[in-house]
Structures are given as structure tokens and as C-alpha cells.
Number of protein chains: 2
Amino acid sequence: MRGLMQDWPLLCHKILDHAALHHGGREVVSRSVEGPIHRTTYSAIHSRARRVAKKLHANNFGIGQRGATLAWNTWRHMEVWYGLMGAGGVYHTLNPRLFPEQLAWIVNDAADRMLFVDLTFLPLVEKLRDQLKSVQRIVVLTDAAHMPDTPLDAEPYEEWLAADDDFAWCAVDENAAAGMCYTSGTTGNPKGVVYSHRSNVLHALAGNMPDMLGLASRDRLMPVVPMFHANCWALAYVAPLVGASLVMPGSKLDGASIYELLDQEQVTITAAVPTIWMMLLQHLQETGHELPHLERVVIGGAACPRSMIEIFESRYDVSVLHAWGMTEMSPIGTICTLKPELVDLMGDARLDVQEKQGHAPFTVEMRVTDDDGNELPRDGKTFGRLKVRGPAIARAYFGNEAEVLDEDGYFDTGDVAHIDAHGYMRVTDRSKDVIKSGGEWISSIELENLAMGHPGVAEAAVIGVHHMKWDERPLLIVVPKSEDAPTRETLLDYMRPQVAKWWVPDDVVFVDEIPHTATGKIQKTALREMFRDYRLPDG
Amino acid sequence: MRGLMQDWPLLCHKILDHAALHHGGREVVSRSVEGPIHRTTYSAIHSRARRVAKKLHANNFGIGQRGATLAWNTWRHMEVWYGLMGAGGVYHTLNPRLFPEQLAWIVNDAADRMLFVDLTFLPLVEKLRDQLKSVQRIVVLTDAAHMPDTPLDAEPYEEWLAADDDFAWCAVDENAAAGMCYTSGTTGNPKGVVYSHRSNVLHALAGNMPDMLGLASRDRLMPVVPMFHANCWALAYVAPLVGASLVMPGSKLDGASIYELLDQEQVTITAAVPTIWMMLLQHLQETGHELPHLERVVIGGAACPRSMIEIFESRYDVSVLHAWGMTEMSPIGTICTLKPELVDLMGDARLDVQEKQGHAPFTVEMRVTDDDGNELPRDGKTFGRLKVRGPAIARAYFGNEAEVLDEDGYFDTGDVAHIDAHGYMRVTDRSKDVIKSGGEWISSIELENLAMGHPGVAEAAVIGVHHMKWDERPLLIVVPKSEDAPTRETLLDYMRPQVAKWWVPDDVVFVDEIPHTATGKIQKTALREMFRDYRLPDG
């Protein structure tokens, strides 16, 4: 027996229709790449997105074809997303921070036919143009007045747009591709994650429940997280869905520029990685500025330091939503809001919860398993492989339909984590970085955080090195501060009282520099290579 | 090109899985039909719902079969809903306020195979048993100790339940039927609305955005609206989805009983029709009690009087969420929360907005058209047929797959309404009650509300009666108060300054009583029949 409800496919561009009709006058403010602050509305963006779609059709851009963007967060980038989807196409966000050769590889792998590029990245595209075989047309996200001289066959966006918005969105299946984003793996080629209309819509709805993002029409949201980072954490969908005002920071992400928008535009909620907030907090400390309008800050992309949570909440009265997710999850996996049993916690007990990455929304099933796939207890300490299942989680990568799921349909996140009885998850490591000592797991991240707590340590990394008896044992690699450099023994003595005896690193190596990836993470593959033949004292 | 996201069907019982895992200890409190307050948790309900499902399978209850409930809001009713759905079946809520012959007709039309009945309604079932041809098994929602003597072949629920919960939910398609609810039309036989798993899940997600119901895990929700009324306004899904505590009022819906639960259980949000709130407010006035815990009250099912909004907000500091919907809409159509442009309004200007039924969530498309289907302007005054489209809106009724949609796929709500530029909708009439005078429409409801404002009027109804020149003209039918009974002329003089000249009723009739339907609405069909040959003064 079937239900007798209407067939109403979940399509991303219906979100913009809703915004235009119900929140048409709500403001979208951008710091334009050209410089000045630009103001528009959902109603105008809706109209211009249809002009994008109309022109795409005039350009013979077909259903399912990919249009790449190499752009900052601005109103134009948003118009291009919705225009591409409404034309039946697929937006493909390119991360300009990748190495140029990776970018070219990705564009070719996705067979991007159009490329929408911000002025900032035009020199990069000029250099790569010969390698971008599939790209037939380049549109520069600016107007004729700001169009630079370029050897490229490129048009300014404002000239390229169709003259009018007389265009009906294409009717596509809700399971049709809507967007693409490549993961920048530390090994192998990047892999293309393909979002569907359905997954994006469901993800926006589930991710915006009041205990999750909880955006409302009265909010003024600044997504500092770039649209090219992990599907922009759903914010380009959630904001128009509820009619929240958007404040788009463009290319200026330094502390002073971010503060200026937070203050002048009376932003109530914002979202970015810890690095951004480090810069903002430093700016606030230097200037003595306050954050009277800001109510909530979403922090994800990397674990949020405990001290950052404390400063935002105690010093600036801003609630922290610590979050975890990944490109393959659209990306929201968990958000740390306090459930009623925990909401009255204060001080360290509160921070102990907030330091965790949080709990999952409905539609994200999450569990930790051992290497054999057996589910581990939700006791807040037993850690294992973190696996997830849900309608907005990848089952395969572009170009290879083979499913990457376990036999229960779960996707292995590559993270190692534990989950407590309340459902709060904490990432303790990446599974490829965890140290396997005598059949037990040691978290490299916990040891790193511990070592970083020593006043003489500038940066610390922990890797597993071969050991005859235990298979692997932890090696601590430290960049010491120029003053107060610790010795091997003072460091290990510092750590001993704080971890189980068998977790204490077997040795410490002092180095001048620790290698990092293009996106700023410690490059453990390089470290493992460097210390492949390292002999531990008793190893 | 397809998206590469996981296939994760939207199934209602996954909501309960989520609640058990993430909000397992959260309380569900009920005033049991037997009398005492009963306390349980989502975790326990989850276990017992699986015992329901397991026993249904043992009873050879098959996929897609219907199980009827004739029951108040309690934890057991909720277990039965989820157990039926999890077993692949369909819950079918029966409204005990219908006439017995209507109930029997509905049970037979739906071919209900099981019947779950509260103690309250056992005498009714005993009387009807012979007519309930399809029902093979009757389960009384009580335990052995409270099981009354009955000639029925019936079992107490607590004995009937499977001994353990070792049962895996049935895997059904998300478009499979999940629930049924009949509309009690004023003409013709009732019609069965069939919800799907997908429609219920989407409706719960979209209806709980922060500007809509906005329930959070910290809330304690009391759904006074019965589970047998219009899919319980989605509350049996939204509460477990976000982990809000539930307070179920059982069979006692009088002012004192409702107040007792609001107060003792520290309810933060509640929902019911205006009649219930009238009783509560009267009780509060008599006792001088306050509502210190209650933050929000959802009022729907009938237009909420302006004075009620004012009293809740000004006197008791409780925000009113005026809502509109219908059984065919799962049921949420609109909820009146104040958008940022309007949130600072005070006094009458604020009430002018709040008196409207509100704006639609994403997934509800709404428009007003003229009789030819042309969309009318969103100007807050031009009224027409209110039509809706969305994934949780009926396209057909049970037993007749013929679609009841217009050529654009819209369902005609039968309401007449206008929509303003902000998207706020106001119902001005039922389309069968609107008076068509010289090609223009006159709202019977507005004239009734106006007449009710006269101190000498106890109740008022307005119908259209035949007129030679204008086709129809309004006739005002009044039950006068015993003291201060107005005359025809004083009433019309009272109304004249407040409406357009051509809206003023052509005549007034005084009666002792106005006929009502089983659910308390004015029975306009009967009035039209009574005054079919009425001759207007110049008609």
C-alpha cells in the first residue's frame, strides 16, 4: 500500500524559490572582491540565478554538466550555484588553496565545461588554461568596468548574464547530481564527492533543527567558511531556506576585516575553522573590541581548542557550536549543543562536553567499531573506527560507482573516536595515525595535545614507529620554543602523570620544523617517511 | 548524472531509533486513562514499540495492513503508532467524536484489521462490534488488572505485547503508507488521507524549523491536540526527532486538568484548538493561577480569536503560534511567527499580524487564485481560493487513486484567503460559504466575527441567499443574548461603519439556536437548507 501524498521532488532551487517568495526583501551583504560592500536581496538573487540558468541554456550547457567555481563567498558565487542547479547542471567548487597541478587534475577529472572565476584567481587560471581541456567557457565574476586585460577568452559575468530572468527551472529527479566537491586526500588523487538535490535538501533540513545550527529568519549569518570548503557546511542552503540574512566576507578573512563585518553588519551567527577565530581573537585582544551582536560561532574543520571555547563563551559571551563533519557527509556529522541533562554544567565539566565534537542530527547514524566491524560500547572512552550512514553521506566517488561502504552500509570516516551515553562523539585520532601498540590503540592526537600543553613546545607531532615486541610505539617529534626548550626527560616527566603508562612516548626527537599539507595539517606521511628507520631506545 | 549519496529511505520508525539512541532517557509523562500519572522514556517506548511490531507479526498482521486506534494521547498510543509502522503496517486514527455510524463506515472503508482501544471507548466498540467486519483482533490499551468485563473477544495490551523486543523493523519503501486519517466532511462520506513514511518525515523536519514549531531537546511539549486529530499536528514525530520531553494529557482535557500538567510537569510548549484554551483561560481567571513555565502555545484547528492572543501574550507572557493546516496537509500549512521586519511591532499592529494564520514552511507552496485558476496578487487583501502543493499534501484519497489536484498540481484547500507581501496568509472563509454577490466575493466569516463583536449577540452565522439581481446576498442569522437583544436595525447600524457598503447583510434573522456539526463547527449546509426559500427584502 502506497501513501497518497504528492510527488514533490526535493530540489535545491526550490529553496531559493521559497526564499524569494517568503523572505524576498531579506538582505545579502557581500564584501565584493572589487572592494566595496555590496547589498542585494534573496529576491534579486533569485532573479539573477534564473538569468544565469537562462544563459547556460543559451550556451548549450546541458543537463548534468559541471560548472566549476573558483571563487570567494559573494552574492555572485551564490547566484552561480543556484543558476547551475536550476539549469539542471552541477556546481563544482574548486579549492584555490590546492596545488595548481591538483586543480588542473580535478577540473579534468570532473570534465568541467564552464569555469566561473573571481578576479583573485584569474592569474592562476591564466597559467593553467592550457591544461584545462574540458573547459569551454570562462566567466569572470565581475563587471565590464573591473575586467582586467587577460589573454584568456573570458567574459565578465555581468555582461555574460542573460538579459532577463524569463526561465523556468529545469525539472530534474531529486537524485540527480547537484554539486561536486573533491576531497584533498593526503595520499593518492583527490576524489570527487557528488551531492544530489535530495541529499542537499535533507541535509539542510536536518542540520538546521534547533539543537543543531538552528538558524532563524531573524539571524544574520556570516559564513566565513568558504563555499569551496566541504559544501560550505550547508549554509548556502540553510540561510535561504529559513530566510536568514547573509553576510559574505569575500576575499578578506583577516581578523580586522572579519571583525568589521561582524560589527557593522550585526552578525548574529558565524562559522569557520579555528585558524580564522584565532586571528579574530588576536585582533580583538589587540584592539579591545567586543562582540555585542554575535550570539553563536560554529567552529569546525579541525578540533576546536578548549581555550578557544572558553574565551568565546566567558570573555565575549558568544556560544560555541563545536562541529565535526567531512566533505563526504555534505558535511555535517555532529554539532555540540548541550542537551537538557548537561545544560547546567559549569566550568571544566562544561568544557569537557564542549570539547567533544557533539551529537548527530536525525538522518546521521553514527557508531564506532573495532577493526572487525563489531560495534563498540557508547561509554565515552572506548574508541574505534568512526562510521556513518545517512541520506547525505557518500556511497561512492565520481568516476567509480563501486560503493565504499561496509557490509552494513556504513561509510568509514577515517577518524578514530569514542561516543558517550548521551551520544556525544569525540574524535581522538585519524585511523591512519593511531598507534597500534600490542593490539591496543594509542591516540596520536591526545599525545600531541598533551605535549603542546608544555610551555617549551611550539609544535608537536606523534607517530608510530616500528617496535620488535609491540609492533608500534609512539615517537614524539617536537619543535621547541627558542627560549625554555625542554629536554627529552622534562617533557616525558611532564606527560607521565597525565596518561596511562603504556601511552608515554618511547622517545622524543627535536626538529626545527614539522612539515604541513597545503591546507595546514601536519603531514604525517612525510614524518613517517622521515622516521621510517628510526630505532627506539629498546625497539 | 546521478548523485552518489547513500540510499537511506525516510522512514518514520527511524525517528524513534534516533530518539532512543540520542535522547533515550528523556521523559514521556502521561496522565493514564486509568488515572495515575505514568512516566517512561523514549528508550522504553522504543523497546515496547518493537514488542508491538513483533506481536503484530506473530498475529500475521501483514505489510500495508491497517491497525486502527481509538485512543487518547498516552505513551501506549505512541507505542502502537510506531509499532504498526515498524511492522510495515499503517496506523489509522479514529476520531471518537464522530457519530458511531460514521466510525463504523470508516473502519470498514479502511478495512482495519486490528483495533487498539482505550478503556473510555470500549462501550462504543461493544455497541459497534457487529458492524466492524474487517476487524480481526481488539486490544484494549490497559493491563490485566484494569481489564473490564466485556462481551468482546479482546485482550489487554500489556498481556498482548510480545515478551521481548527482539525485532528488526521491516524495510519498507519511503513512499509506503504509514498512517491514515479520515476527514469528516460536512457533506458526503468521510475521505481517507494516506500519509507515507516520506511525507511524515519531511513534514516533521520542515515543520520544525526555528521559525515554525522550533521544538528543541530542552522543551517539554504537551500535545493536547489528540493524536486522532489531523495527524496530531506532527507532534508525535517532531518531539522524538529532537528529543523533546512529552507530556500526554490522556482523557482529561478540562481547564483544571490541563493546568495541573502544565504546572507540575513544567511544560514549555503546548498545542490545541481554541476551545481548549478558552477552558484553560477561564480556569486561570477563576483560580488566579499563573503560567510561569509555559513559553509558547500553538493554536490551530480554528481561527484563534484576537483577544485570546492578547491575553496569552500580555497577561500570561506566553507567545502564541497561530497555525493553520488540514488533515490533507499532514497537517501544517502555516504558522504565525514574526519575521524580522515585523518583530518589533506592538499593540494592535502586532495583533493585526498575529491574527493571520501565518506563513508557510519550506515544502509548502501556497497561492490564492480566482475561480479560473489565475494567481491573485499577494497584497494582503485580494482573496481567492487557497491552494497548496508539497510533499506532505494529499494528491488523492483512499480507495480512489484519481488525483484531486488542479492542472498545476495544486490541492484546493476549500478555504478562501489572502496572502500579504511578507507571505502571511489569512483565511477569510470556506469557499463553499463565501457569498458571491455580483461576481465579487463577500467573506461570511468576517461578517460573523463583526456581528459577534456586538454585545447583544451570543452567536452569529452568515450565509448567502438567492438574489434576483446579485445572484447571492448575505443573510445574518443571530442568536441574541437574553438581555440586551439587538434589533435588526441596531445590528446593521453597528456593522455599517466597519465594512464596505455592499458587504452589509441584506437582512437579519433571529433564532434560538444555530445548528453545529459533531466537531462543533457551524453547520452551514443545514442553515442554507433552512433558509433556501428565504426572500430578502428587495431580492
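I note first that copies are superposed by least squares on the C-alpha atoms of residues with pLDDT of at least 70 in both. This is a predicted model, in which local features need pLDDT of at least 70, side-chain atom pairs count only at pLDDT 80 or more, and totals for chains, interfaces and linings use all residues. Residues are numbered from 1 along each chain as its sequence is written, and chains are lettered from A in the order in which they are written.

**Entry 1: the two copies.** I laid chain B on chain A and found an RMSD of 0.1 Å, after a turn of 180° and a shift of 0.0 Å along the axis. The two copies are thus related as by a two-fold rotation axis. I then looked up the interface, with contact meaning heavy atoms within 4.5 Å. Of the interface residues of chain B, 100% are also interface residues in chain A, so the copies meet through the same surface.

**Entry 2: a sheet in chain A.** I took strands as DSSP runs (E, at least two residues; numbered from the N terminus), and counted two strands as paired if DSSP finds at least two bridges between them. In chain A, four strands form an open antiparallel sheet in the order 16-17-18-19. Strand 16 (365-369) and strand 19 (425-430) are its edge strands, each pairing on one side only. Strand 18 (residues 411-419) of chain A pairs with strand 19 over five bridges. I located A:V416 opposite A:D429 of strand 19.

**Entry 3: a hairpin in chain B.** I found strands 18 and 19 of chain B running antiparallel, joined by five bridges. B:D415 has B:R430 in strand 19 as its bridge partner. The two strands form a hairpin with five residues between them, and B:G423 in the turn has a positive phi of about 95°.

Terms used
Heavy atoms only, no water.
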